[in-house]
Amino acid sequence: MSTTHEVLNQSTPLVDINLFDSDRGLRDALRFNAPSLDTAALSRLGAEAGSAETEQHARLANVHTPELRTHDRFGHRIDQVDFHPSYHALLGGALRHGLHGTPWSRGSGAHLERAAGFIVWTQAEPSVLCPVSMSYAVTPALRSNEPLYDAWRTRIASTQYDARFAPLAQKTAVTLGMGMTEKQGGSDVRANTTRAESDGSDAWGPRVRITGHKWFFSAPMCDAFLVLAQAPGGLSCYFLPRWLPDGTPNVLRIQRLKDKLGNKANASSEVEFERSVAWQVGEEGRGVPQILSMGAITRLDCALGTSGLMRHALALALHHCDERHAFGKRLIEQPLMKNVLADLALESEAATALALRLARAVDRTENSQDADGHEALMRRVLTPIAKFWICKRGSVFAQEAMECLGGNGYVEERGEGAMARVYREMPLNSIWEGAGNIMALDLLRALRTGAVADALMHELQPARGANGALDRLAAGLPVRVDGTTDESGARLLARDVALVVQAALLKQHAPAEVFDTFCTSRLDQAGGGGTFGLLDARAPLDALLARAMPH
Ligand SMILES: Cc1cc2nc3c(=O)[nH]c(=O)nc-3n(C[C@H](O)[C@H](O)[C@H](O)COP(=O)(O)OP(=O)(O)OC[C@H]3O[C@@H](n4cnc5c(N)ncnc54)[C@H](O)[C@@H]3O)c2cc1C
């Protein structure tokens, strides 16, 4: 009680809930994709991610942002970044739960388990998942230099997070990053000017000296990076560690940290290399496909991460509207608010379904006993589609979820306002690792890699005949998919394939009301221009909300 008034009708913080156990859409999707997976570890992860202690770490890591120290007090360059202990607690938690390099050595189902864990830990704090994602994604590219991979693989997969700036041999675990983007070109990396000069060869293969810069270089405290540079034979991919095998530091000048819209707890930097030592990964001149084998996995993580952010925003909105009263009712009982929340719930579940489907394709193709042509094709086609569509929906989703909290949604109050954090984070996954247009163009390339129309029809088969609008959209796809080169229509095609695949997945692992309402609202009605809350008045709103409630 204050002296002037009683504080009434404010919602409570959403903490101390199990973010895995309480997410029915995620659990159903996971059971469909990995029926025999033991989810006990995910339950433990979900409890930790949703605890009040973890939320406090997220707040502190975003308020006390990373600080660059370029020199020590004697004037020597040190190029280190200081993080708040809460950042280390969150990153350490992600490694302890095996969200980085561990799935590559664990066999069937490991990538799916990790994908679900990634969705959940994103709700704890997305910023730390940047280095986690890059450390996960590096393995497919690094494997093509066997001696390097052998030297680093144990520590890439180790769950004993070690924040120290120290040589490989002294560390229990390492994290890895990537450097592609330069000032004059990001999407078009062929414009890279950073150059590599031969410096002989040693146990880790052909060695070079790299000179130049990177304009975006996230998580510069990582232990090593894959970077692109121009060699005599063309753009090539190199492994650049912070410490050299002789125990001396490599040259990596961190010029400044980016002042970003969101993603505050994570450090993103601008760097320069001057005769920095690096080792070749893959063939000289084949740098783009080489580093894209890393980029394809981080694109999966953009889809997973945005699904996690959507679920987080939805849970915050549902919780608030459950507790807040206006005009004589709880907000969640107001018919129009029900419509908005149920519509958001549909979008969130559909995003999770598509992201986990892609994770299944990765899991199947990485475990050779499960590898088959269909999964490989789905992996290639669904990567740009899921990254494009889920991330595009993310920002409008966050705006609508924020509005459910009214003015409180827009307020951060020293990091307490998780919804504002989610909103500022949301556009990032859409931009990095290939912005929307780049994903749509990549879809056109993917369509040339195999019999995609047949594969899509096979994918949609379990849902054929279940909904007229789905059947109509699906029937038109083969002619649009086969041999198309129409760049200006590529976004439309990506959206339509995303929608039919999402619908087919919901048919298989969500209740009928979710599938039916998704089809009616997304496939059968005039689009709402991104606005939520346009569901048909007859939609089963109560059932949709009951399924989505976080507790
Ligand atoms: C916070 C943050 C962290 C980052 N971290 C890293 C990192 O660690 N390592 C790294 O290498 N990069 C990183 N990036 C860079 C990011 O990947 C690039 O910003 C992104 O790939 C886009 O490149 P660009 O900024 O040069 O924009 P551009 O390539 O100039 O693109 C601008 C716009 O043009 C569009 N466009 C480009 N080509 C075409 C075309 N042919 N047809 C139609 N449209 C087109 C793009 O879709 C985009 O919308 C980071 C970015 C951010 C914001």
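**Cavities and salt bridges, with reasons**

Biologist: Let me start with the second largest cavity, which has 15 lining residues, with Glu125, Pro126, Arg421, Val422 and Glu425 lying nearest its centre. Which elements give two or more residues to that lining?

Modeller: Those are α8 and α11, the latter spanning 418-431. Of the elements, α11 gives the most, with five residues. Bear in mind that this is a predicted model.

Biologist: What makes a space like that a cavity rather than a pocket?

Modeller: A 1.4 Å probe fits in a cavity but cannot get out, whereas a pocket is open. Two spaces of 30 Å³ or more in this structure count as cavities. The second largest has a volume of about 90 Å³, and the largest holds about 140 Å³.

Biologist: How do the residues lining the second largest cavity divide by type?

Modeller: There are five nonpolar, five polar and five charged residues. Take the five nearest the centre: Pro126 and Val422 are in that group, and Pro and Val count as nonpolar. Glu125, Arg421 and Glu425 are there too, and Glu and Arg count as charged.

Biologist: And what lines the largest cavity?

Modeller: Its lining has 15 residues, and Gly25, Arg311, Ala345, Glu349 and Ala548 lie nearest the centre. At least two residues come from each of α1 (24-33), α8 (287-323), α9 (335-366) and α17 (541-548). With five residues, α9 has the largest share. By type, the lining has seven nonpolar, three polar and five charged residues.

Biologist: Glu349 caught my eye. Which residues are linked with Glu349 in a network of salt bridges?

Modeller: Asp28, Arg31 and Arg547 are its partners in that network. A search of the whole structure turns up 43 salt bridges.

Biologist: Pick one, then. Why is the contact between Glu48 and Arg96 called a salt bridge?

Modeller: The cut-off is a nitrogen of Lys or Arg within 4 Å of a carboxyl oxygen of Asp or Glu. Glu48 and Arg96 meet at 3.1 Å, N to O, so the pair passes. Glu48 sits in helix α2 (residues 40-49) and Arg96 in helix α4 (residues 85-96), so the bridge ties together parts 48 residues apart in sequence.

Biologist: How do you know whether Glu48 and Arg96 are buried or exposed?

Modeller: Buried means under 20% relative accessible area and exposed means over 50%. Glu48 has 24% and Arg96 has 47%. Both values fall in between, so each residue is called partly exposed.

Biologist: What does the salt bridge between Asp199 and Arg209 tie together?

Modeller: Asp199 lies in strand β4 (residues 195-202) and Arg209 in strand β5 (residues 205-218), so the bridge joins parts ten residues apart in sequence. The side chains meet at 3.1 Å, N to O. Asp199, at 21%, counts as partly exposed, and so does Arg209, at 25%.

Biologist: One last pair: why is Arg538 called exposed?

Modeller: The cut-off for exposed is over 50%, and Arg538 has 72% relative accessibility, so the label fits. Its salt-bridge partner is Asp536, at 2.9 Å, N to O. Asp536 has 25% relative accessibility, which puts Asp536 among the partly exposed residues.

Note on methods: Residues numbered from 1 in each chain as written. Predicted model: local features only at pLDDT ≥ 70, side-chain atom pairs only at ≥ 80, totals over all residues. Heavy atoms only, no water. Helix = DSSP H or I, 4+ residues; strand = E, 2+ residues; numbered from the N terminus. Buried < 20%, exposed > 50% of the residue type's maximum accessible area, 1.4 Å probe, protein only. 1 Å grid on protein atoms, 1.4 Å probe; cavity = no way out; pocket = protein on both sides within 12 Å on 5 of 7 lines; lining within 4 Å. Points joined across faces, edges and corners; volume = space filled by probe spheres on them.
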